[in-house]
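Biologist: Before I use any label for this model, I would like to hear the reasoning behind it. Please go through the terms one at a time.

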Amino acid sequence: RCYILSNENGKIQLSLRQSRLNPKINSKVEDIEITCIKDVKKGQLVRGYVKSITPSGVFFGLSTSLLGRILFQNVSPYFVQKHSLYEKYLPEGKLLTAKVLGVNGKEKHIELSLLPEDTGMPSVLPESLGLPQYGADEEKREADDKEKSKEPKLKTKRRRGNFESGQVWVSSQLLPPPSTHFPLLQEAKPKKRKICPADENDSGIEVYYREEDEDDQEEEAAKKKPKIRKPSEAPRLQVSMGFTWDEDMNAVDIPVLNQKEESSESEEEEVPQSKLKKRTKKEKELEKQKKEKELCKVEAALMDPSRQPQSADDFDRLVLSSPNSSILWLQYMAFHLQATEIEKARAVAERALKTICFREEQEKLNVWVALLNLENMYGTEETLMKVFERAIQYNEPLKVFQHLCDIYASSEKYKQAEELYHTMLKRFRQDKSVWLKYASFLLKQGQTEATHRLLERALKALPTKEHVDVISKFAQLEFRFEDTEHAKALFESTLSSYPKRTDIWSIYMDIMIKHGSQKEVRDIFERVIHLSLAPKKMKFFFKRYLDYEKKFGTTESVLAVKRAALEYVETKSALTDT
């Protein structure tokens, strides 16, 4: 039963919604039907199906006429380079929950998100893939900044320690006053010295010098004075031909001053970097607390015994804790089938068959039956037969045959079921359960005459000691499927041939009490109490007769049963006396 939405260009669109099939029933609608873009609101949680994956994102079907787009950065918190990974975990037609980030009514654009913090659902890409997160680069950059901020401090400490320990010593008597000999150093401001990698003639040697008293050297220093550079360019040292490498104090005191300049530069750099360090540390502490809270929530949810598994990871944890439980494996298969992931459901079944212990035969058989059901519904006849042949090899063949017959009958494949029953009658003709199961199948189809012929074949094939039980079972089946006259005839003929089979009398009484009239039931009781049976068995039938009259009869009928019991006791006692 379905509802036809449209019939255009030879394509029929159908709906199985209960609100359309039974509009009078005011049941709660889980997924509100979306017909136009006005039905979508920002911040709303919606469910839909994956339509396609393109370089611009994932297109998400909210209805037959309305599509939404999910950017890759909103699909998962993990960074994915190859988009083929999305096609593996987001197959076309997969049902998902998304959050509406924005709606553009004019252009009819809908932006959606699948991120766990938006939907409250697990990530579509499992954590086990080991993919990097989008925020990992920023954390790495902050760590690098921390290391860089520590380096100038270490250099400064090293320089100060060297200076204070006396490794570089300058006498105040040898140095002239700075006002006369170092006019440029008083006015100069400290500048950062950078190495320019573009200069190929750079020797890599830093040369420190100071101005001399002589006018000639002052003129040379003015000539050597570098041109005005932009702030982004690094100042470079150009050594003239007349420079001499003198090992006097004039060549020693300048590096000391430059060390002071460098220390002042590093102290100026430490201030903003220390502030940056404090800020990032606080942010990291807050982020750490947030992650701990989320982890506590997840752990509390996992510890809840009433919690139902909601993802493949949840099922993996369950089957690891109870690997021999076929119920958990079947639930895992059903989880994938709900998302139309047929191949994954097959893989779970194969994994279960390898994992369950070989001693757990019934648990393994349950998984085989589930796999047969899966192939019957979603596979082909060829794949079903392959699984069936494998199941016969690893289990009792009769059980596998019977389960496949039930699967065919429940899926209304009556022709295949009948062919399989004929194969079973040839292969297991000495087993009465096969004949009874086939009889039940025929009676469900209303083939009473075929059932009568089957009974004759069963009596010829089975040994004589099984005949009474088989006839009794056939009669019970015919009573159940309302072929009462033939069932009565079977019981009567059996009891006339075997009058002392009290078990058959008891079964006949139970069935007649349920399906027959009171007159017929009383006739059967009267026949039984007049049989020449053992006193213990007669007591059992008299007690049943009395209980029946107390429940359905009158006081007179109850007294009549008591008188009949008394007469039986008197006759028996008289016989024992004689």
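Modeller: The model is a predicted one, and the turns below set its values against the cut-offs.

Biologist: Why is I4 called exposed?

Modeller: The relative accessible area of I4 is 53%. Exposed means over 50%, so I4 is exposed. I4 is found in strand 1, residues 3-8. Together with I12 and L14, I4 forms a nonpolar patch on the surface, and the three have about 300 Å² of accessible area together.

Biologist: Why is C296 called partly exposed, and what makes C405 buried?

Modeller: C296 has a relative accessibility of 49%. Partly exposed lies between 20% and 50%, so C296 gets that label. C405 has a relative accessible area of 0%; buried means under 20%, so C405 is buried.

Biologist: How many disulfides does the structure hold?

Modeller: The count is 0. A disulfide needs two cysteine sulfur atoms within 2.5 Å.

Biologist: What makes strand 3 and strand 6 a pair?

Modeller: Pairing takes at least two bridges. Strand 3 (residues 45-54) and strand 6 (residues 95-104) have 5 bridges in the antiparallel sense, so by that cut-off they pair. L45 stands opposite K99 in strand 6.

Biologist: How is strand 6 joined to strand 7?

Modeller: Strand 6 and strand 7 (residues 109-113) run antiparallel and are joined by 5 bridges. V103 stands opposite I110 in strand 7. The two strands form a hairpin with 4 residues between them, and K108 in the turn has a positive phi of about 60°.

Biologist: How many aromatic pairs does a search of the whole structure find?

Modeller: The search finds 17. One of them is F542 with Y568, whose ring centres are 5.7 Å apart with the planes at 45°.

Biologist: Why is the pair of F542 and Y568 called tilted?

Modeller: The centres must lie within 6.5 Å, and planes under 30 degrees apart are stacked while those over 60 are edge-to-face. An angle of 45° is neither, so the pair is tilted. F542 lies in helix 22 (residues 535-552) and Y568 in helix 23 (residues 555-577), so the pair ties together parts 26 residues apart in sequence. Both residues are buried.

Biologist: What are the values for Y548 and F552?

Modeller: This tilted pair has 4.9 Å centre to centre and 40° between the planes. Both residues lie in helix 22, 4 residues apart, about one turn of the helix. Y548, at 7%, is buried, whereas F552, at 38%, is partly exposed.

Conventions
Residues are numbered from 1 along each chain as its sequence is written. This is a predicted model: local features need pLDDT of at least 70, side-chain atom pairs count only at pLDDT 80 or more; totals for chains, interfaces and linings use all residues. Side-chain values use heavy atoms; hydrogens and water are left out. Patches are made of residues with over 30% relative accessible area and no salt bridge: like charges are joined within 9 Å, nonpolar side chains (Val, Leu, Ile, Met, Phe, Trp, Tyr) within 5 Å. Accessible areas come from the Shrake-Rupley method with a 1.4 Å probe; for residues, only the protein chains shown count as cover. A salt bridge is a side-chain nitrogen of Lys or Arg within 4 Å of a carboxyl oxygen of Asp or Glu. Buried means under 20% relative accessible area, exposed over 50%, partly exposed in between (1.4 Å probe, protein chains only). Rings of Phe, Tyr and Trp (its six-membered ring) pair if their centres lie within 6.5 Å; planes under 30 degrees apart count as stacked, over 60 as edge-to-face and the rest as tilted.
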